[in-house]
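Welcome, and please take a moment to look at the sequence and the fold side by side. The report below walks through one corner of the structure and then steps back to the whole chain.

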Amino acid sequence: MLRSCGVFSGKWISSLKIIPNHAPCAVFQTAAAHKEDPCLEVHYPEAHEQAPRLPFQELQFNDAQQAFQAKSTGKLIQSLAVFRACSLKPLVENADTIIRASRRVAAPLVDSIVKATMFRHFCGGECVESIQPTLKYLEENGIRPILNYAAEDDVSAEPEEATSCPHAAAERCLDRNTAIFMRSIRDSDNFGNRAFVAIKVTALAPPKLLEKMSELLTQHGDLSDRGFCSARLAEAMLPHLDEQEQASFHGVLRRLDTLADALIAKGNSRVLVDAEHTYFQPAIDALTIRLQQRCNRQEPVVLNTYQCYLKDAAARIETDMQRAAAEGWKFGAKTVRGAYMVVERARAAEKGYESPIWDSLQETHDNYNRCAARVLEAVAEGSAELMVASHNQETVALATRRMHELGLQPSSSGVYFGQLLGMADHLSFTLGRAGYRIHKIVPYGPVHETLQYLIRRAQENSSIMSATGKEREMIQAELIRRLRESLSLNRLFKAPGAMQQPSASAAA
Ligand SMILES: Cc1cc2nc3c(=O)[nH]c(=O)nc-3n(C[C@H](O)[C@H](O)[C@H](O)COP(=O)(O)OP(=O)(O)OC[C@H]3O[C@@H](n4cnc5c(N)ncnc54)[C@H](O)[C@@H]3O)c2cc1C
């Protein structure tokens, strides 16, 4: 079960007292954190002071019948089966090894088993055409899609494959991914204004290069000058790269420029750049900021992702917001808790450095809510947009409440909620019905290329601390309710004289 976030019993802090030379920072958090954080001495104006104060309608996320009314019984049973499989710890913990080993022996068989189970639940299909029924179903329920081509690569995961691939072939593969992202951007036209596309930098750049760039950025840049300026990125990187790496580096910039040109030409789309492993993240940040500097002049077209399980997330948000303000572009953020905890902790232990992840889940919860609160304030001031990407009910409820306090309208402010396909439907459908801007990530791609994505979903859902436990209970309750209802209907129709009832009343 979820532990309650300490912050939820507390209040969002929001009155104004600016401290010189200190960026304004509004947070809501535990008393302990309050003492340590100097930002808490700064208070914000109540953005809602001018707005008419209507009573806040708390959303009813716990009503299983309401939440799942759009889901067939078959779909509910499928969801329950997948969540149950995810709770089999030994299977999930070794899923990566099991799948790799069994694919070496019988790849087509493994892929078809995965396709019929995990893939069917968590992915929309193998290509843009095959995801159309899923998109239609979501649209009918007030939920908009985030198209996400889920192919990904990792240096540590498959060293032979990542390095044996000749340079030219690898570059072709990355160009192919770029074409797919371009197509997603084009296809997002069908989903109206501010349609979202999610991209992964590891699908556009060789992981080895990102790792090297990250090392260089960490060595040469400090937090306040993270990622360098776009103009200085090449100047800073190139002297440290060999000939092939330089060619790859230029390839990455070319791909990102292609995406930027398409986004600028369209003007109304939004791109979410995924956060990945910390050993790629400085490079991903630098490249994303470069994209934002070009695309976010009028609106926050590109949103970077901040993993709040990282101890430095709040500081990075603050730095990037200050950079956006100083350079004259709009800040856009997606806040997540983070999906690479197992790998991050194992790597830190193996290499002997301090884990970048908060030691306890409660600290992650507090940090998430602190970061989201900070960006929500900026949204209310008109300088940012935020996607609250979470399946945590308390986080979502708290964000809706704070939006109300800040006078941010559910359907027209720059606040979006994001959830993954196959997860937290009780939140998504309730938010959709209440008119909030709710988006579901719809991953797609060939089954074998989505395996890393599916393994992460399984790991995430295996945790007893995750929101899935709650969703599972609600699905069970709804299935039992439907069963009872159909049994009592059966009894009604089978009862002696039940069929005579209409004619009796007609006679009356
Ligand atoms: C729309 C969307 C986009 C996303 N994009 C990204 C992305 O770009 N990059 C990315 O990394 N992830 C991404 N994710 C996944 C996300 O990071 C989380 O893995 C997932 O959403 C679960 O977190 P939650 O906020 O839903 O909350 P919960 O369900 O409350 O999450 C709790 C989970 O947090 C984990 N956890 C985090 N910190 C700790 C800790 N210190 N100790 C113990 N457990 C901890 C545990 O596994 C626990 O199960 C995305 C998720 C969504 C919904």
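## A loop and its surroundings

Ala 424 sits in the loop between strand S7 (415-420) and H18. Helices (H or I, at least four residues) and strands (E, at least two) are DSSP runs, numbered from the N terminus. What you are viewing is a predicted model, in which local features need pLDDT of at least 70, side-chain atom pairs count only at pLDDT 80 or more, and totals for chains, interfaces and linings use all residues. Residues are numbered from 1 along each chain as its sequence is written.

The phi of Ala 424 is near 55°, a positive value in a residue other than glycine. Is Ala 424 buried or exposed? Ala 424 counts as buried because 25 other C-beta atoms lie within 10 Å. The rule is that a residue is buried if 20 or more other C-beta atoms lie within 10 Å of its own, exposed if 12 or fewer, and partly exposed in between, with C-beta atoms placed from the backbone.

## Into the helix and out again

Next along the chain comes helix H18 (residues 425-433), which is mostly covered, with eight of its nine residues buried. Those buried residues are Asp 425, His 426, Leu 427, Ser 428, Phe 429, Thr 430, Leu 431 and Gly 432.

Ala 434 belongs to the loop between H18 and S8. Ala 434 is partly exposed, because 15 other C-beta atoms lie within 10 Å. Leaving aside its neighbours within four places in sequence, Ala 434 is in contact with Leu 59 and Pro 410; two residues are in contact if their C-beta atoms, placed from the backbone, lie within 7 Å. A separation of 9.0 Å lies between the C-alpha atoms of Ala 434 and Ser 411, which are 23 residues apart along the chain. Also just after H18, Gly 435 takes a positive phi of about 90°.

## The strands on either side

Both strands that flank this helix are mostly covered: six of the six residues of S7 are buried, and so are seven of the seven in S8. In a regular strand the side chains alternate between the two faces of the sheet. On S7, one side carries Val 415, Phe 417 and Gln 419 and the other Tyr 416, Gly 418 and Leu 420, and all are buried. From S8, Ile 438, Lys 440, Val 442 and Tyr 444 point one way, while His 439, Ile 441 and Pro 443 point the other way, again all buried.

Strands of a sheet pair through backbone hydrogen bonds, either parallel or antiparallel. Here two strands are said to pair if DSSP finds at least two bridges between them. The table lists three parallel pairings around this region.

| Strand | Partner | Bridges |
|---|---|---|
| S6 (residues 384-389) | S7 | four bridges |
| S7 | S8 (residues 438-444) | four bridges |
| S1 (residues 144-149) | S8 | six bridges |

Single bridges can be picked out too. Met 387 has Tyr 416 of S7 as its bridge partner, Gly 418 is matched with His 439 in S8, and Tyr 149 is matched with Tyr 444 in S8.

How do the strands fit together, and in what order? Eight strands close into a barrel in the order S1-S2-S3-S4-S5-S6-S7-S8, with parallel pairing. From one strand to the next, the twist averages 30°.

## A helix pair elsewhere

Helix H12 (residues 243-266) and helix H13 (residues 281-295) pack at an angle of about 30°, with their axes 10 Å apart. Val 252, Leu 256, Ala 260, Leu 263 and Ile 264 of H12 make the contact with Leu 287, Arg 290, Leu 291, Arg 294 and Cys 295 of H13. Axes are lines fitted to C-alpha atoms, for helices over the stretch in contact, and angles run from 0 to 180 degrees between N-to-C directions.

## The chain as a whole

The secondary structure of the chain comes to 21 helices and eight strands. Buried residues make up 44% of its 508 residues. Among contacts between residues at least 6 apart in sequence, 77% join residues at least 24 apart.

The chain averages a pLDDT of 81, and 79% of the residues score at least 70; pLDDT is the predictor's confidence in each residue, from 0 to 100. Over residues 154-163 the pLDDT is below 50, and this stretch has 10 contacts in the model beyond near neighbours in sequence. Residues 499-508 also have a pLDDT below 50, with zero contacts beyond near neighbours in sequence.
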